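Work through the exercises below with the sequence and the 3D view at hand. Each task is followed by a worked solution.

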Amino acid sequence: MNVLSLFNGCGMLRPALDKANIQVNNYYSSEVDKFANQIANKNYPDTVQLGDINDWHEWKLPQIDLLTAGFPCQDLSVAGNRKGLDGERSSLLFQALAIRDKLKPKYFLFENVANMGKQNRAEISKLIGVEPVKLNSKYWGVQNRERLFWTNIANVKQIEQGQAINDKQKLFQDILLDGVTDKAKAKCLLASYYKTQASPNRLKRYIKGYFATYNFVFTELNQIQLQMIFDKYGRDWSDDLLNNTAIRKLYPVECERLMNLPDNYTEGVSNTQRYKMLGNGWDVDVVAEILKGLNQ
Ligand SMILES: C[S@@+](CC[C@H](N)C(=O)[O-])C[C@H]1O[C@@H](n2cnc3c(N)ncnc32)[C@H](O)[C@@H]1O
C-alpha cells in the first residue's frame, strides 16, 4: 500500500499501520517540524519527507492508496484561539482537500480534536464529505483523549458504537515508572505539556482540585497514603504526609505509553520537543483499530 501522511508529526501512523498488519510499500510524509521529522526517520528510515504541504503542486507521487491528515487544530480547539477555518493553520485543511481531489486515494482518514465548536465540525464534515466518529483513547489504553475521525474506511461506525466494550481496564497507574496517581485514567496529553511546572507550591492547590486537567504524579508515597491525603483534605489533619511528597510531571516515556507507542520512540531530541510531538500525536491503538478495516 502507498501511504501519504499529511501533517505526519513524528509519524505515529506508522506503528499503527504495523499493528493493523498493513503492508506499506511507500510512505510519504508532509511535515515542517524538523524534530518530528528526525524522530519519524529514526524509527522508519524509509519515510520519504516531502516538506511543506503548501508546496504540494511540486510533488511527484505514485497512485496513493491511503491519505491521512491530522490537520493542525490550534484555531479549532476550545484551548486554541478559535479563529476556526479562517485561522492560518487550520486552513491547511483546504490544502489537504485539494490534494485528495487531485490524487483520489482509495481511502482517506482525517482527524482533529473533539472539542471544536458545532459550526466548525459541521463545516469540516461538509468539506470532507462524511460525518466523523468520536473515539476516546481511554477504551484502548490509559488516557482520556477524545478525537474526531472522518474516514471512508468501512468499519469505523461499529468501532464507535462498540468502543466501550473494548475497555481493557488498564489504569494510568499501570504505566508509571514510579510514584502514584490519584486518577484512574490520565487527562488528555496536550502539545503544551512541556510548559507545565510541577512546582512545590502547586501541590496543595492540585489536591484542592485546581489544575484538574493536569497530569501530575505524586512521589515518595504509596496509594494508601495518597488516599489519606485526599480523604483528610479539608479536615483537621497534619501536614506530615504532604511534607513527604511532591508532584512531578510525567516522564517522556510515560507520555509515549499514554499514546500506546513503544518506549523511547521519541528519544533523540530534547524533552520539550518530545512532549510537543507526543501531545500532537495520534493514539497508535485507536488508529490501528480503524486501519484494521483495510484488511476486511
Ligand atoms: C496535530 S499535528 C499532527 C501529528 C501527527 N498526526 C502525529 O501522529 O504525530 C499537526 C502537524 O502539522 C504540522 N504542520 C504545520 N504546518 C504544516 C505545513 N505547512 N506543512 C506540513 N505540516 C505542517 C505541524 O508541525 C504538526 O506536527
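**Exercise 1.** Describe the overall build of the protein chain in this predicted model.

Solution. Start with the secondary structure: the chain has eleven helices and nine strands. Next, take the radius of gyration, which is 20 Å; the globule rule gives 19 Å for 296 residues, so the chain is as compact as a globular protein of that length. Then look at the extent of the C-alpha trace, about 70 × 40 × 35 Å along the principal axes. Finally, count burial: 37% of the 296 residues are buried.

**Exercise 2.** State how the protein chain is divided into domains and how far the domain centres are separated.

Solution. Domain 1 takes in 2-167 + 282-295, and domain 2 takes in 190-249. Their centres, taken over C-alpha atoms, are separated by 35 Å.

**Exercise 3.** Locate the largest nonpolar core and find which helix gives the largest share of it.

Solution. The core holds 60 residues, and those touching the most other members are Met12, Ala16, Leu67, Val284 and Val287. Helix H11 (residues 284-291) gives the largest share, six residues. Both domain 1 and domain 2 contribute residues, so this core lies between them. For one member, Val284, contacts beyond its neighbours within four places in sequence include Met12, Ala16 and Leu261.

**Exercise 4.** Characterise the shell of residues around the ligand.

Solution. The ligand has 21 residues around it, of which Phe7, Gly9, Met12, Gly70 and Gly281 come nearest. By type, the shell divides into eleven nonpolar, seven polar and three charged residues. Met12 is thus named twice: among the nearest to the ligand and in the largest nonpolar core.

Definitions and conventions: Residues are numbered from 1 along each chain as its sequence is written. This is a predicted model: local features need pLDDT of at least 70, side-chain atom pairs count only at pLDDT 80 or more; totals for chains, interfaces and linings use all residues. Helices (H or I, at least four residues) and strands (E, at least two) are DSSP runs, numbered from the N terminus. The radius of gyration is taken over C-alpha atoms; the globule rule is 2.2 Å times the number of residues to the power 0.38. A residue is buried if 20 or more other C-beta atoms lie within 10 Å of its own, exposed if 12 or fewer, and partly exposed in between; C-beta atoms are placed from the backbone. Domain bounds come from an automatic or database domain assignment. A residue is near a molecule or strand if its C-beta atom, placed from the backbone, lies within 6 Å of it. Ala, Val, Leu, Ile, Met, Phe, Trp, Tyr, Cys and Pro count as nonpolar, Asp, Glu, Lys and Arg as charged, and the others, Gly among them, as polar. A nonpolar core is a set of buried Ala, Val, Leu, Ile, Met, Phe, Trp, Tyr and Cys residues joined through C-beta atoms within 7 Å. Two residues are in contact if their C-beta atoms, placed from the backbone, lie within 7 Å.
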